[in-house]
Amino acid sequence: MIAAAGGLACILNDEYEMFRSSVRSFGESIADGYRQRALKDEFPRDVYAQLAAAGLIGLGVSEAHGGQGADHLAQGIAVEELARADFSAAYLVFSAASSGALLERSCRQAHELLPRYVRGEIVTCLGLTEPGSGSDAAAMRTAAKPVDGGWQLRGEKTSVTCVAEADYAVVFAKTEKGPTAFLVDLNDATVSRQRFQDPGARPLGRGSISLDGTFVPSERLLGEDGRGFQLVMNEFDFTRVLLGLMCVGIAERAIELTVDYTKERMTFGKPLSTNQGVTFPIVEHLTRLEAARWLCYRGLSLRMAGRPHTKEAAMIKWWVPQLAVRAIQDCIVLHGHVGFSDEMPLQAMLRDASSVLIGDGTAQIQKIIVAREVFGRDATGKQSTT
């Protein structure tokens with residue numbers, strides 16, 4: 001178990017570095033298959049099983065439910081290192097970190113479901129976005145009405161990652177008291193799914209869920225009736241930081257590949273890396289990524305200390321994905337024509353990193369969140385945003 005750190009000054013102690021080394025070694029064991037997996041619409045069941053066997057799916061789940069009981073920083077290190085090797089593998093651990101915490105904190109069936117989740121026997125997904133409401137959470141139309149023994153849900157959720165393979169979805173629907181979270185069995189006959197044709201994160205799959213009078217028993221209401229918005233916003237402050245670290249990891253791996261390539265590639269009788277036009281962009285990207293990493297670690301440190309970190313999480317979400325995309329784009333250019341081919345992993349890295357520009361809120365929404373934290377809510381209007 002990775003214990004909580006006392007503050008930012010000690011977050012990189014030997015225990016964390018040993019854990020980082022362990023996850024990096026695991027990542028190296030699956031890295032060779034990344035490029036081929038990234039080109040297929042096939043859920044990586046074998047990788048998911050390996051992640052579960054290594055304790056990474058249950059990393060943040062308490063030991064009482066079969067997990068590792070690791071703190072937030074350890075979970076951040078895990079997704080950062082895994083993103084170096086396989087972005088989809090990192091996403092599976094990222095998703096488990098969020099869903100595991102949500103289920104453990106708010107699901108009355110946690111004792112039954114979490115051990116199975118930790119063992120990799122089930123997959124979950126998040127159903128929040130709708131065709132007419134993404135960041136505009138107040139426009140949610142999916143509705144839940146009380147019936148005998150539980151609730152009946154009707155509506156559609158879209159932009160749901162892992163939609164084709166998931167067994168359960170955390171679905172947000174409006175009741176008379178407001179947005180509420182439910183754990184929905186996706187194998188119910190009243191549930192239908194559609195997969196989208198996305199260019200990135202293809203092994204995971206993104207799509208929509210339609211609920212046509214789907215029954216959800218009372219014990220699968222998550223948290224309290226009408227308190228779903230508070231649940232998801234608290235998780236966003238965590239997941240946005242994790243996504244930032246995933247972007248740092250994948251971008252730094254692209255840079256490592258590029259450094260190796262430019263040291264070997266001969267042009268005009270000397271290595272490509274002897275040109276400042278090559279080395280200076282790499283230096284600039286590494287500097288920005290290092291700063292981004294520490295902003296992410298600060299966000300996790302604040303969370304571990306129980307202090308507000310909404311502003312830091314939103315800063316990370318608008319800034320770091322852009323850094324990663326630009327870094328990978330430059331790496332592609334420095335590889336020349338070979339960088340434009342799927343024979344190398346750089347194109348897959350670019351597509352995967354680009355998906356984070358939208359997921360969990362766009363840069364525009366994140367800047368609104370930061371501005372509200374700085375200037376006050378009235379400075380940017382009163383619309384409800386996620």
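Mentor: Let's start with one term: a residue is buried when its relative accessible area is under 20%, exposed when it is over 50%, and partly exposed in between, using a 1.4 Å probe and protein chains only. This is a predicted model, so local features need pLDDT of at least 70 and side-chain atom pairs count only at pLDDT 80 or more, while totals for chains, interfaces and linings use all residues. Residues are numbered from 1 along each chain as its sequence is written, and side-chain values use heavy atoms, with hydrogens and water left out.

Trainee: Thanks! How many helices and strands does the chain have?
Mentor: Helices (H or I, at least four residues) and strands (E, at least two) are DSSP runs, numbered from the N terminus. Counted that way, the chain has 11 helices and 10 strands.

Trainee: What is the radius of gyration of the chain?
Mentor: The radius is taken over C-alpha atoms, and the globule rule is 2.2 Å times the number of residues to the power 0.38. For 386 residues that rule gives 21 Å, and the chain comes close to it, so it is as compact as a globular protein of that length. The radius of gyration of the chain is 21 Å.

Trainee: Which residues does UniProt list for "domain: Acyl-CoA oxidase/dehydrogenase middle"?
Mentor: UniProt positions are given in the numbering used here, with shortened feature names, and annotations may be inferred rather than shown by experiment. This one comes from an unreviewed entry. The span is 0% helix and 55% strand, with its end C-alpha atoms 18 Å apart. The record lists residues 125-212.

Trainee: And what is the helix percentage over residues 226-374?
Mentor: UniProt, in an unreviewed entry, gives that stretch the name "domain: Acyl-CoA dehydrogenase/oxidase C-terminal". Strand accounts for 3% of the span, and helix for 76%.

Trainee: How far apart are the end C-alpha atoms of residues 14-121?
Mentor: The unreviewed UniProt entry labels these residues "domain: Acyl-CoA dehydrogenase/oxidase N-terminal". The span is 69% helix and 0% strand, and its end C-alpha atoms are separated by 33 Å.

Trainee: Which helix gives the most to the largest nonpolar core?
Mentor: A nonpolar core is a set of buried Ala, Val, Leu, Ile, Met, Phe, Trp, Tyr and Cys residues joined through side-chain atoms within 4.5 Å. The largest one has 117 residues, and L51 and L153 have the most contacts inside it. With 17 residues, the top contributor is helix α7 (residues 228-264).

Trainee: Which residues does L51 touch, not counting those up to four places away in sequence?
Mentor: Contact means heavy atoms within 4.5 Å. On that basis, L51 touches F26, L56, I57, L82, A89, L92 and V93.

Trainee: Why is the pair of F43 and Y48 called edge-to-face?
Mentor: Rings of Phe, Tyr and Trp (its six-membered ring) pair if their centres lie within 6.5 Å; planes under 30 degrees apart count as stacked, over 60 as edge-to-face and the rest as tilted. This rule yields four aromatic pairs. In the pair of F43 and Y48, the ring centres are 5.9 Å apart, and the label edge-to-face follows because the planes stand at 65°.

Trainee: Are F43 and Y48 buried or exposed?
Mentor: Here we can use the term we began with, where the limits are 20% and 50%. Both F43 and Y48 are buried.

Trainee: Which ring does the charged end of R240 sit over?
Mentor: A charge sits over a ring if NZ of Lys or CZ of Arg is within 6 Å of the ring centre and within 35 degrees of the ring normal. K367 meets this over the ring of W318, 4.5 Å from its centre. For R240, also 4.5 Å from the ring centre, the ring belongs to F236.

Trainee: Is S98 buried or exposed?
Mentor: S98 lies in helix α5 (residues 87-106). Setting aside neighbours within four places in sequence, S98 is in contact with E235 and T239. Its relative accessibility is 15%, so S98 counts as buried.

Trainee: What is the phi of F268?
Mentor: F268 is in the loop between β9 (266-267) and β10 (270-271), and it is exposed, with a relative accessible area of 87%. F268 is not a glycine, yet its phi is positive, at about 55°.

Trainee: Last one: how far apart in space are T161 and G205, C-alpha to C-alpha?
Mentor: T161 sits in strand β3 (residues 150-161), and its contacts beyond four places in sequence include G205. The two are 44 residues apart in sequence, while their C-alpha separation is 5.8 Å.
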